[in-house]
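Biologist: I am new to this one. Could you show it to me and then let me ask how you know what you say about it?

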Amino acid sequence: MPPRPLTILSSLLVLLLASSLSAADQPTNVILFLVDDMGWVDSEPYGSQYYDTPNMQRLAEQSMRFTDAYAVPLCSPTRASILTGQYSSRHGVTSASGHQKPQPEGFDFLPDTAPPNRPLIMPISRNYLEPSQYTLAEALKDAGYRTGHFGKWHLGLTEPHWPETQGFDVAWHSEPSPGPPGYYFSPYGVVPPDAPPEIARKAKHRGTITDGPDGEYITDRLTDEVVAFLEANKDRPFFANVWQFGVHGPWGHKESYTAQFAKKTDPTGRQSNPVMASMLKSVDDSLGRIMDKLDELELADNTLLIFYSDNGGNVHSNTEDDAKAMRRAKANPALESYQKWAGFKPPTNNAPLREGKSRIYEGGQRVPLMVRWPGHIEPGTTSDAVVGPIDLYPTILDALNMERAESQTIDGESILPVLKQTGELQRTAYFTWFPHIVPAVSVRQGDWKLIRRFEPHPKYPDVRELYNLKKDIGETNNLAEKMPEKVKELDDLIDEFVERTGALYPQPNPNYQPSRNTSPGRDAALGLVPKFSTLTKIDGAYRMEAERRAPFLGSAQVKHNGPMTLTLKVRSEAGGSGKVWWKSVNQEQFPEGEQTVAFNIAGGNEWQTVKVDLPVKSPTQIVRLYLPADESPVEIQSIEYTDAKTGDPIRVWKLN
């Protein structure tokens with residue numbers, strides 16, 4: 001653990017001083033209100049004419065609103081950057097993998113080799129926030145602040161990596177945490193860390209969230225917990241880390257709100273999803289209650305309030321192209337309700353920005369940011385300064401007149417001069433490191449943005465994309481070929497950034513052997529039909545790559561009347577969850593919410609055997625095997641369906 005900037009004695013002096021001061025003279029409190037998956041234009045102060053966000057509008061009128069604030073295109077990297085002040089290339093959390101098993105000590109996050117069908121060795125994301133980091137919460141706690149974390153964490157599945165070990169006195173959360181427990185509604189089904197092993201093994205979630213009354217909405221409950229924390233600590237300095245579960249999938253919503261928005265029309269023709277509007281209204285309600293409580297406790301004038309989002313709006317889920325595949329997810333009651341109100345419509349629309357979450361274009365990383373600090377920040381102001389999650393840590397320390405710990409490397413810059421309108425940022429450029437999904441790195445300097453892809457992609461063949469965002473905010477006109485000197489100038493900045501932050505840059509694969517036999521059709525694997533994906537024959541296996549979300553392999557050759565066992569021999573760099581879904585001969589459609597069994601594939605470059613028990617009760621007609629190829633390609637050596645009782649083979653594919 002790095003040395004603390006304040007001793008225990010100095011922390012006690014801070015507390016004694018705070019108790020002797022009036023509320024207005026106490027050390028400044030801090031609240032970080034982080035929304036999940038909220039896009040740049042998903043509120044009234046940022047131009048929405050469909051979403052109803054009066055409290056966000058109220059906050060904007062009291063704050064400085066940033067027009068060019070950035071996040072990483074996925075949540076976990078942004079969250080880790082907030083708490084460390086570091087680029088994701090330095091802290092190593094580069095993808096949304098915080099719900100997966102942490103890698104063991106000594107794990108090589110950039111292996112020496114890769115499968116022969118891959119031209120590059122790609123870096124692997126750290127699945128947890130390294131405990132040796134001296135986090136923002138630890139810095140404030142050591143300075144005498146009472147620290148509380150509320151909501152989504154997604155920075156470590158196991159207890160050694162929970163918020164309680166990263167500087168938070170109070171933590172209200174559950175793991176795993178890509179989305180909320182209980183589909184947003186109580187009972188949440190969370191067991192405490194000290195639960196008996198026989199209970200813990202069967203639990204879907206672990207953590208400190210407790211059930212409320214049946215039907216309680218988790219956004220409301222989270223707000224209750226925050227309000228209680230504010231009341232309990234009104235006479236001492238506090239840091240409330242409010243990380244909302246909304247508006248992330250599975251999109252649990254209050255149908256009373258949703259019904260109101262279903263009758264509403266966006267005059268711009270851009271936004272029209274009543275479920276997203278409902279969820280945003282609930283998040284807005286939460287913000288309003290917290291602001292009202294600060295007013296009631298007479299703490300508003302002495303609290304630095306930051307409103308932010310962890311990545312751009314989600315425009316890739318629930319699209320028309322996914323309609324058939326997404327039916328398999330209707331076992332989730334929240335998705336049933338989503339589809340009832342919104343059909344197969346993506347959660348939001350980021351126009352005029354290009355694309356959204358999980359992409360390095362502006363729609364994936366430009367987000368709302370508003371900062372309120374009465375008496376220090378002029379209300380109702382705006383700034384076009386290019387800022388990001390790495391800047392929050394040094395800004396908060398600067399605002400509180402706290403020294404940085406020498407042991408903690410911070411890439412960010414304090415934006416306090418911008419907030420107070422006394423100066424400008426001094427850095428040369430801002431970077432986004434995102435070596436996953438469509439791997440790339442980008443640099444923003446002034447109006448210019450360069451995207452460097454590590455290799456061509458079927459949908460994005462240009463390895464360099466250059467845009468003037470002032471003239472082309474939608475990133476429609478790639479100027480890279482016309483302006484090679486500007487490309488080289490920005491490329492040089494990226495090279496310096498990679499070296500400075502220790503980025504694990506993709507390396508050529510010494511074992512690479514280009515494939516000569518590619519067949520995306522029905523005969524590629526002798527009766528396996530790839531949907532939303534392609535199958536490519538490689539040495540000793542087949543490689544499945546996603547073309548859309550929810551890719552699967554379908555087959556009408558798995559015929560059996562009774563329980564089966566599926567055995568897979570596979571490997572996947574990122575890993576992830578899969579599912580088997582089947583329909584019987586007497587069923588015209590795949591039954592919604594039935595006849596599905598989920599399983600997990602561990603990430604890594606080693607072959608693994610996965611077994612799945614399938615409780616089949618009537619003769620099967622078609623079986624679909626969903627694999628997490630949308631996370632990273634999945635390589636398959638064998639697929640075997642056998643009788644669960646006798647072990648006799650039903651249908652076997654030996655793809656090696």
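Modeller: Gladly; let us begin at one helix end. At the start of H9, the backbone nitrogen of Val275 has a side-chain oxygen of Asn273 within 2.9 Å. This is a predicted model, in which local features need pLDDT of at least 70 and side-chain atom pairs count only at pLDDT 80 or more, while totals for chains, interfaces and linings use all residues. Residues are numbered from 1 along each chain as its sequence is written, and side-chain values use heavy atoms, with hydrogens and water left out.

Biologist: What makes the approach of Asn273 to Val275 a polar contact?

Modeller: A polar contact is a pair of N or O atoms within 3.5 Å; within protein, one must be able to donate a hydrogen and the other to accept it, and residues adjacent in sequence count only if both atoms are side-chain atoms. Here an oxygen of Asn273 lies within 2.9 Å of a nitrogen of Val275, so the pair qualifies.

Biologist: How do you know what span to expect of H9?

Modeller: Helices (H or I, at least four residues) and strands (E, at least two) are DSSP runs, numbered from the N terminus. The expected span of a helix is 1.5 Å times one less than its number of residues. With 23 residues, H9 is expected to reach 33 Å, and its first and last C-alpha atoms are 32 Å apart, close to that value. After the helix comes Glu298, with a positive phi near 60°.

Biologist: Why is H9 called mostly covered?

Modeller: Buried means under 20% relative accessible area, exposed over 50% and partly exposed in between, using a 1.4 Å probe and protein chains only. In H9, 18 of the 23 residues are buried.

Biologist: What makes a group of residues a nonpolar core?

Modeller: It is a set of buried Ala, Val, Leu, Ile, Met, Phe, Trp, Tyr and Cys residues joined through side-chain atoms within 4.5 Å. The largest one here has 51 residues, and Ile31, Phe33, Leu230, Val242 and Phe307 have the most contacts inside it. Elements giving two or more residues to this core include strand S1 (29-35), helix H7 (218-232) and strand S10 (303-309). H9 supplies the largest share, 10 residues. Another core, of 48 residues, lies apart from it, with Ala71 and Ile415 among its members.

Biologist: Why is Phe66 called buried?

Modeller: Phe66, in strand S2 (residues 64-70), has 0% relative accessibility, so it counts as buried. Contact means heavy atoms within 4.5 Å; beyond four places in sequence, Phe66 touches residues including Tyr46, Leu369, Val387 and Ile415. Its C-alpha is 5.9 Å from that of Asp384, although the two are 318 residues apart along the chain.

Biologist: And why does Arg79 count as buried?

Modeller: Arg79 belongs to helix H3, and its relative accessibility is 0%, so Arg79 is buried too. Its contacts more than four places away in sequence include Asp36, Trp153 and Asp310.

Biologist: How do you know that a space inside is a cavity?

Modeller: On a 1 Å grid over the protein atoms alone, a cavity is a set of points where a 1.4 Å probe fits but cannot get out, and lining residues have an atom within 4 Å of a point. Grid points are joined across faces, edges and corners, and a volume is the space filled by probe spheres set on the points. Three cavities here have 30 Å³ or more, and the largest holds about 60 Å³. Its lining includes Ala71, Tyr87, Pro389 and Trp433, and strand S13 (residues 430-434) gives the largest share, four residues.

How values were computed:
On a 1 Å grid over the protein atoms alone, a cavity is a set of points where a 1.4 Å probe fits but cannot get out, and a pocket is an open set with protein on both sides within 12 Å along at least five of seven lines; lining residues have an atom within 4 Å of a point.
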